[in-house]
Structures are given as C-alpha cells and as structure tokens.
Amino acid sequence: MKKRILSGMRPTGKLHLGHYLGVLANYVKLQDEYDCYFMVADMHALTTKWNESGSIRDYRHEMALDWLGAGLDPQKSAIFCQSDVPEHAYLFTLLTMITPVSWVERNPTVKEMIRDMDLKDNVNLGLLSYPVLMAADIMVYRADAVPVGKDQVPHLEFSRELVRTFNHTYHVDLFPEPQPILNEFQRLPGLDGRRMSKSLGNDIVISDPPEVTAKRMMTAYTDPLKVRRDDPGHPEAGCVIYEYHKLLQPDTAPEAKTQCEQGCLGCVAHKRSVAAMVSERLAGFQERRAVFAADPVLVDRILAEGREKASVVAAETVRMVREVMGI
C-alpha cells in the first residue's frame with residue numbers, strides 16, 4: 001500500500017508564482033507516489049481572517065481551480081475543504097485535552113504568524129491553538145508524511161510530539177509519527193526582494209493574464225546602481241529579475257548575467273524577457289484552469305467526492321480515538 005500524506009493551504013488570497021513552482025509542482029509529483037489528501041484549509045484561514053470571512057469562500061474556490069490547473073488529479077488525490085469534514089474539529093477538541101498550554105505558547109508557527117502579520121495585540125484563541133488544529137489535520141488521516149520546506153520542519157515537530165504524547169498516554173500505536181518530505185525548491189523572492197507573499201503585495205499571481213504579469217514585473221527590484229543600459233550591472237547583488245531567470249531558465253541565465261555585467265543588457269529588457277518566461281511557464285496551467293473555471297458544477301463535484309473519500313478515513317480515526325480515550 002502507498003504511504004499516506006496530508007497537506008493544505010490557507011485560502012486567504014490568490015496563489016502566486018512561489019506557490020506554483022514550489023508547492024504545487026511538488027504536489028503533482030507526490031500524487032503518483034503516495035495516497036494524497038490535499039486540503040483547502042479554510043478553518044485555518046479564520047485564525048487571521050475572522051473579520052473578513054466573506055472572502056474565504058471565494059478564495060477556496062479559486063484555490064481549487066489553481067490546484068486543478070496545476071495538474072492535481074481527483075482520480076489520484078482527495079481534494080477537499082477542511083470545514084466540510086467535521087472530524088477535523090472533533091479531533092482538535094480531543095487533542096486540546098492533552099496539549100499543555102506552554103507548548104502552543106512557544107510554538108514557532110504561532111510566533112512567526114504573530115510577527116509577520118503584526119498581530120501581537122490581537123491574538124485570538126484560534127490562532128494560539130493553530131498548531132493543535134494542524135496536528136489534528138494530519139492525525140485524522142493517520143498520515144505517514146507531510147511535504148514541507150526545510151524552514152517548516154520545526155513546525156511539523158509539534159505534530160510529531162503530540163502523536164508521541166497521545167500514543168504514550170493511551171498505550172496505543174494508533175498514530176504514525178509524520179515524517180517530513182522535504183521540498184528542495186529554492187524559495188522565490190518577491191518583487192521587492194523580500195519573501196514573496198500576497199500579504200506583502202509583492203507577488204506574481206499565477207491566474208493573472210500575461211499583460212498583468214508583464215506590468216507587475218516592471219516593478220521588480222534590480223541593481224539600483226545600473227541606471228542606464230550600458231552601466232555595468234551586479235545581478236547577483238539582490239537582483240530579483242536575475243533570481244527569477246535562474247529558476248525559470250537556468251541554461252540561459254549565465255549569458256544574461258554576463259551581458260548585464262558588461263552593460264549589454266538593460267533592466268527593462270531583462271524584465272520583459274523574464275515576464276515572457278513566466279507567461280510561457282504558466283500557459284498550460286492557465287489553459288487547464290480555464291477549462292475547470294468554465295464548469296463550476298464539475299469543481300463542486302470534485303470537492304464533494306474528495307470530501308467523501310476524506311470523511312471515510314477521518315470518521316474511522318475518530319471512532320478509534322473515542323474508543324481509546326473512553327468516551
């Protein structure tokens with residue numbers, strides 16, 4: 001039997017190029033090797049968007065379209081919305097009974113979200129308990145592994161610790177310790193050189209048409225000392241366009257680097273060239289996405305079928321947990 005994985009994303013905005021080249025490309029590969037459960041984490045979205053919840057429903061539909069356009073196959077993977085499987089919330093409640101408060105207060109996931117979103121004066125109980133719900137998401141499918149980047153491995157350790165605590169407390173071997181499946185893709189910088197994030201407004205949205213992408217690319221940070229085309233450039237000194245070029249067309253990047261350094265390639269021309277690379281990379285995705293977008297009933301059916309598959313496993317897990325906990 002294939003080992004099982006669980007992964008998901010919060011529907012808090014449109015997906016960007018970093019999601020596509022890193023996370024979604026990895027999802028597509030994994031679905032041929034594992035029994036995959038891919039979750040639109042709309043309950044997690046409420047931890048920071050509780051006062052903007054009207055957008056979550058729209059974004060979760062957009063996320064499903066992006067996943068299907070990227071190549072996720074509902075015949076191979078369960079694609080569903082977290083809130084449609086109530087066992088997530090049920091197991092979360094049971095797990096809170098064995099989770100010390102000190103664990104969630106020191107958890108790096110929570111600390112990073114509070115810092116990045118400037119929420120230090122507005123932390124709700126849902127956000128504080130975020131790691132427990134994340135563990136419940138993984139454990140309710142008795143997942144063997146979770147795809148993560150290197151920087152996310154410490155976050156997964158909370159779930160592993162909770163698994164160990166549950167199994168030890170109730171003298172069972174019900175849950176496997178989820179192992180990280182490392183995604184080696186280099187994190188894509190945002191247009192301003194910081195990490196790419198929709199919340200920072202420095203992203204390239206993968207569902208945008210080529211003309212919008214090209215306009216956005218013109219705002220990208222490049223060498224501030226290269227004012228004119230014939231000025232010698234320093235592409236490795238934080239030039240975002242050069243970073244994109246290396247990831248999209250590694251074979252032609254050295255030539256572009258040389259031309260930039262010799263004053264033969266201007267920043268505007270390079271931006272146009274890389275914008276074309278992005279649009280070329282996204283062409284197949286956008287064509288597939290448009291097919292699904294034209295048939296919303298089909299998308300709803302795919303999510304419903306994914307929910308049914310997920311619910312079977314989740315209900316069995318909750319039944320076993322209730323039994324060993326004595327309720």
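Contact here means heavy atoms within 4.5 Å. With that in hand, a good place to start in this predicted model is the meeting of two helices, α1 and α13. On the α1 side, Leu17, Tyr20 and Leu21 take part, and they meet Val278, Arg281, Leu282, Phe285 and Arg288 of α13. Sorted by class, this contact has six nonpolar residues and two charged ones, with no polar residues. The two helices pack at an angle of about 75 degrees, and their axes are 12 Å apart. Angles of 65 to 115 degrees count as roughly perpendicular, so α1 is roughly perpendicular to α13.

Leu17 is worth a second look. Leaving aside residues up to four places away in sequence, Leu17 touches Val278 and Leu282, and also Leu188, Met196, Ile204 and Ile206.

Leu17 also turns up in the largest nonpolar core, which has 48 residues. Along with Leu24, Trp67, Met217 and Tyr244, Leu17 is among those with the most contacts inside this core. Several elements give two or more residues to the core: the strands β1 (4-9), β2 (35-40) and β3 (77-81), and the helices α1 (17-30), α3 (54-70), α11 (240-248), α13 (267-293) and α14 (296-325). Of these, α13 gives the most, with seven residues. Domain 1 (4-188 + 296-325) and domain 2 (198-287) both supply residues, so this core lies between them.

That isn't the whole story of the interior. Another core lies apart from this one and has 37 residues, including Leu91, Met139, Val148 and Phe175.

Key: Residues numbered from 1 in each chain as written. Predicted model: local features only at pLDDT ≥ 70, side-chain atom pairs only at ≥ 80, totals over all residues. Heavy atoms only, no water. Core = buried A, V, L, I, M, F, W, Y, C linked by side-chain atoms within 4.5 Å. Buried < 20%, exposed > 50% of the residue type's maximum accessible area, 1.4 Å probe, protein only. Helix = DSSP H or I, 4+ residues; strand = E, 2+ residues; numbered from the N terminus. Domains from an automatic or database assignment. Axes fitted to C-alpha atoms, helices over the stretch in contact; angles between N-to-C directions. Parallel < 35°, antiparallel > 145°, perpendicular 65-115°, else oblique. Nonpolar A, V, L, I, M, F, W, Y, C, P; charged D, E, K, R; others polar.
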